[in-house]
Amino acid sequence: MLRLLCAMTSVLGLLGITLQAAEKPEGVLNHTVKNIEGKEIKLSEYQGKVVLVVNVASKCGYTRQYKTLQSLYEKYKDKGLVVLGFPCNQFGKQEPGDEAAIMEFCSSKYQVTFPMFSKIDVNGAETSSFYAALKEKAPGDIKWNFEKFLIGRNGEVIKRFGSKVEPDGQELVSAVEAALGK
């Protein structure tokens, strides 16, 4: 077995391929974040999926988008879509609760089952490294709650959508379907 591994490594080396390069996630998914329960999650777990990243808040005029985000997730999750919710309290202090309160609100009011993460900053000196990477690929500060980033299966940002773009709107759904290869 060891000989086989050494031989494969040699062949890969001749082809200019290293095992380290093959293991490193591409694009913006090479970050580790905490989920809403406080567990560290490597976003590279989502490599190969189409990912919709959303900064969310419980007391916003756009909070109703949780419902259509959940519907979008349910409709396309078996085809490879995952929605990731990142609570943020930077816009009008519209996400004041702790993680337990946020999860209770999301699950009881909107039956959210897509992955949710710990509260983060999306702008300013304390911007999470993940959001800094997203904004590097699709420049500009986040303007408000429920901005969305669509990431392709290769880990690259495909498109950024403002808060007013509804998760079930034609613009976003068409982009998701194209990314899924539908």
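Let's start in the middle of this predicted model, with strand S3, residues 50-56. Seven of its seven residues are buried, so the strand is largely enclosed by the rest of the structure. Buried here means under 20% relative accessible area, and both faces of S3 are covered. On one side sit Val50, Leu52, Val54 and Val56, on the other Val51, Val53 and Asn55, and all of these are buried.

What does S3 pair with? One partner is strand S4, residues 81-87, which runs parallel to S3 and is joined to it over seven bridges. If you want a place to look, go to Val50, whose bridge partner in S4 is Leu81. To get from S3 to S4 the chain goes by way of helix H3, residues 65-76, and the resulting β-α-β crossover is right-handed.

Strand S5, residues 148-151, also pairs with S3, but this time in the antiparallel sense, over four bridges. Two residue pairs let you trace that register: Val51 of S3 has Ile151 as its bridge partner in S5, and Val53 has Phe149.

Now step back to the sheet as a whole. It is an open sheet of four strands in the order S4-S3-S5-S6, with mixed pairing. S4 and strand S6 (157-161) stand at the edges with a single partner strand each, so one side of each has no neighbour in the sheet. From one strand to the next, the twist averages 15°.

Next come the helices that lie against this sheet. H3, the crossover helix between S3 and S4, packs on the sheet and touches S3, S4 and S5. The direction of H3 makes about 155° with that of S4. Helix H6, residues 170-180, packs on the sheet too, where it touches S3, S4, S5 and S6. Its direction makes about 170° with that of S6.

That leaves helix H5, residues 129-137. Which of its residues are buried? They are Phe130, Tyr131, Ala133, Leu134 and Lys135. And what do the buried residues of H5 pack against? They pack against S3, S4, S5 and S6, and also against strand S1 (32-34).

Come back to S3 with all this in view: S4 pairs with it in the parallel sense, S5 in the antiparallel sense, and H3, H6 and the buried residues of H5 are in contact with it as well.

How values were computed: Residues numbered from 1 in each chain as written. Predicted model: local features only at pLDDT ≥ 70, side-chain atom pairs only at ≥ 80, totals over all residues. Heavy atoms only, no water. Buried < 20%, exposed > 50% of the residue type's maximum accessible area, 1.4 Å probe, protein only. Pairing = 2+ DSSP bridges. Right-handed = clockwise from strand over helix to strand, strands pointing away. Axes fitted to C-alpha atoms, helices over the stretch in contact; angles between N-to-C directions. Contact = heavy atoms within 4.5 Å.
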